[in-house]
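Subject: Structure for your review

Dear colleague,

Please find below the structure that I am handing over to you. I should be grateful if you would read the notes beneath it with the coordinates open.

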There are 2 protein chains.
Amino acid sequence: VPAFADVQALVFDVFGTVVDWRSGVARESAAFLAHYTPGADPAAFADAWRRRYQPAMEEIRSGRRPFIRLDVLHRENLEALLPEFEIDPASVLPSQLDALNRAWHRLDPWPDSVPGLTRLKRGFIIAPLSNGNIRLMLDMAKRAGLPWDAILGAELAQAYKPRPEAYLRTAEALMLEPEQVCLVAAHNGDLAAARGCGLRTAFIPRPTEHGPEQTSDLGPEEDWDIVASDLEDLTNQLGV
Amino acid sequence: VPAFADVQALVFDVFGTVVDWRSGVARESAAFLAHYTPGADPAAFADAWRRRYQPAMEEIRSGRRPFIRLDVLHRENLEALLPEFEIDPASVLPSQLDALNRAWHRLDPWPDSVPGLTRLKRGFIIAPLSNGNIRLMLDMAKRAGLPWDAILGAELAQAYKPRPEAYLRTAEALMLEPEQVCLVAAHNGDLAAARGCGLRTAFIPRPTEHGPEQTSDLGPEEDWDIVASDLEDLTNQLGV
């Protein structure tokens, strides 16, 4: 791939691209929901929790709030979400909410993620460029066996994607020019922001990230430098 | 070990504790010295380069300079060092000095480091808490097989040890209280600073870090929480 001649590092979107957050959060929430609101759908709970993700970060991107790590935003969003599922937040111990909040630390990778990353690591620096915080990414990697060379991303950059600082400070920490770094993501918007900062771009579709009726990000919406069917196909295309 | 009941993360000094910087820098400098100043002793060159390490960081600790990553300080120190070895800095291409500067990225671990860390990783979060910058630690880990869970330390903290911020911001990034984190180091001064911040402490001697005539840090100088002969012995004492 010609655009890749100078690429030394592959940085990855994680939620949706490397791990299946919807199934994982649903699984981790099921026992809680069964206790507090029998009959609620854990996948709907995961979707509702995730719907509050972008608005919470937008408060920080806009400058209305200082940078706060994602674990805190997830926890706030969880508490705000409970009434939607007819749970009184005051009826749940804070320690139970803390434990449930760590669902995001216990997400399973897609089947190709660990074998793909393990091979990609031979030829490139590999690191998350996620909005997830360091401890979240660390716990996830340790549990799932994601073989990152380092944990980079929003907390190091003190900025949430798609703010340019998230991409540029990640390249800077790697002591690389933006064009020596490629973002791998299942989200066209993330790739567009990375390209706007000069990074290379690789798209892989994750057509069930949002469940069986997903309508967004089913395919590439720009001429990304690489389009691969999954991380193993990416490995093959890059010849590592 | 009772003081360790709550410890979740082991963070490591790296230069001297995990890797043998003196032999590595000497090895990586030998060809350069043979070309520019035949007869010079590579180990003496490594020692002279390292002698400039603390004074360079002290400019930043004192606030006289803003935080700058260690690769830049090493590069400045290298250039300042050349006349001591009768090399005219103007006679060497900047790209050659850049390449030589990366000697610090290519240091070998002590023999017990990789097996010890691999076992410790099963029971604890393990990460460097080094004054080395992220890219330096990353390159070193990738080459040597150091199985870090994340790369923490001075660049993330934007502060050099033994400034308290280096220890406290590392614990903060791990979302742990200081007493849930243990510094492992071969240097009594580093451990004293960590203890001052509330971290647990583990000493392992590296009696040839400075060569066969080393006189400092040959043994523990305080009642550190653990004293082990090397990282494998530490693993045994911690029961992982």
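The notes below take the sheets first, then helix packing, an aromatic pair and the backbone.

Please bear in mind throughout that this is a predicted model.

Sheets

In chain A, 6 strands form an open sheet with parallel pairing, in the order S3-S2-S1-S4-S5-S6. Strand S3 (152–153) and strand S6 (226–227) of chain A occupy the edges; each has a single partner strand, so one side of each is left without a neighbour in the sheet. Within this sheet, strand S4 (residues 181–185) and strand S5 (residues 200–203) of chain A are paired in the parallel sense over 4 bridges. A:Val184 has A:Ala202 of S5(A) opposite.

For chain B, the sheet is likewise open and made of 6 strands, with the order S3-S2-S1-S4-S5-S6 and parallel pairing. Its edge strands are strand S3 (152–153) and strand S6 (226–227) of chain B, each pairing on one side only. Strand S5 (residues 200–203) of chain B is joined to S6(B) by 2 bridges, in the parallel sense. Here B:Ala202 has B:Ile226 in S6(B) as its bridge partner.

Helix packing around H4 of chain A

Helix H2 (residues 42–51) of chain A packs on helix H4 (residues 70–81) of chain A at an angle of about 120°, and the two axes are 9 Å apart. The angle therefore makes H2(A) oblique to H4(A). The crossing of this pair, H2(A) and H4(A), is right-handed. H2(A) contributes A:Phe45, A:Ala48 and A:Trp49 to the contact, while H4(A) contributes A:His74, A:Asn77, A:Leu78 and A:Leu81. Sorted by class, the contact of H2(A) with H4(A) comprises 5 nonpolar, 2 polar and no charged residues.

Helix H3 (residues 53–61) of chain A also meets H4(A): their axes come within 10 Å and cross at roughly 125°. This crossing angle makes H3(A) oblique to H4(A). The crossing of H3(A) and H4(A) is right-handed. On the H3(A) side the contact involves A:Tyr53, A:Ala56, A:Met57 and A:Ile60, and on the H4(A) side A:Leu70, A:Leu73, A:His74 and A:Asn77. By class, 6 nonpolar, 2 polar and no charged residues make up the contact of H3(A) with H4(A). A:His74 and A:Asn77 thus appear in the contact with H2(A) and in the contact with H3(A).

An aromatic pair

Over all chains, the count comes to 18 aromatic pairs. One of them is formed by A:Phe15 and A:Trp104, which are edge-to-face, with 5.8 Å centre to centre and 90° between the planes. This pair links distant parts of the chain, 89 residues apart: A:Phe15 is in the loop between strand S1 (9–12) and helix H1 (21–36) of chain A, and A:Trp104 is in the loop between helix H5 (94–101) and helix H6 (113–123) of chain A.

Backbone

Most residues other than glycine have a negative phi, and most peptide bonds are trans. The following places may therefore merit your attention.

- A cis peptide bond, with omega about 0°, joins A:Lys161 and A:Pro162. A:Pro162 belongs to the loop between helix H8 (154–157) and helix H9 (164–173) of chain A.
- In chain B, B:Lys161 and B:Pro162 are joined by a cis peptide bond, again with omega about 0°. B:Pro162 lies in the loop between helix H8 (154–157) and helix H9 (164–173) of chain B.
- B:Glu86, a residue other than glycine, has a positive phi, near 60°. B:Glu86 is placed in the loop between helix H4 (70–81) and helix H5 (94–101) of chain B.

Yours sincerely

Key. Residues are numbered from 1 along each chain as its sequence is written. Chains are lettered from A and ligands numbered from 1 in the order in which they are written. This is a predicted model: local features need pLDDT of at least 70, side-chain atom pairs count only at pLDDT 80 or more; totals for chains, interfaces and linings use all residues. Side-chain values use heavy atoms; hydrogens and water are left out. Axes are lines fitted to C-alpha atoms, for helices over the stretch in contact, and angles run from 0 to 180 degrees between N-to-C directions. Angles under 35 degrees count as roughly parallel, over 145 as roughly antiparallel, 65 to 115 as roughly perpendicular and the rest as oblique. A crossing is left-handed if the near helix is turned anticlockwise from the far one by less than a right angle, and right-handed if clockwise. Contact means heavy atoms within 4.5 Å. Ala, Val, Leu, Ile, Met, Phe, Trp, Tyr, Cys and Pro count as nonpolar, Asp, Glu, Lys and Arg as charged, and the others, Gly among them, as polar. Two strands pair if DSSP finds at least two bridges between them. Rings of Phe, Tyr and Trp (its six-membered ring) pair if their centres lie within 6.5 Å; planes under 30 degrees apart count as stacked, over 60 as edge-to-face and the rest as tilted.
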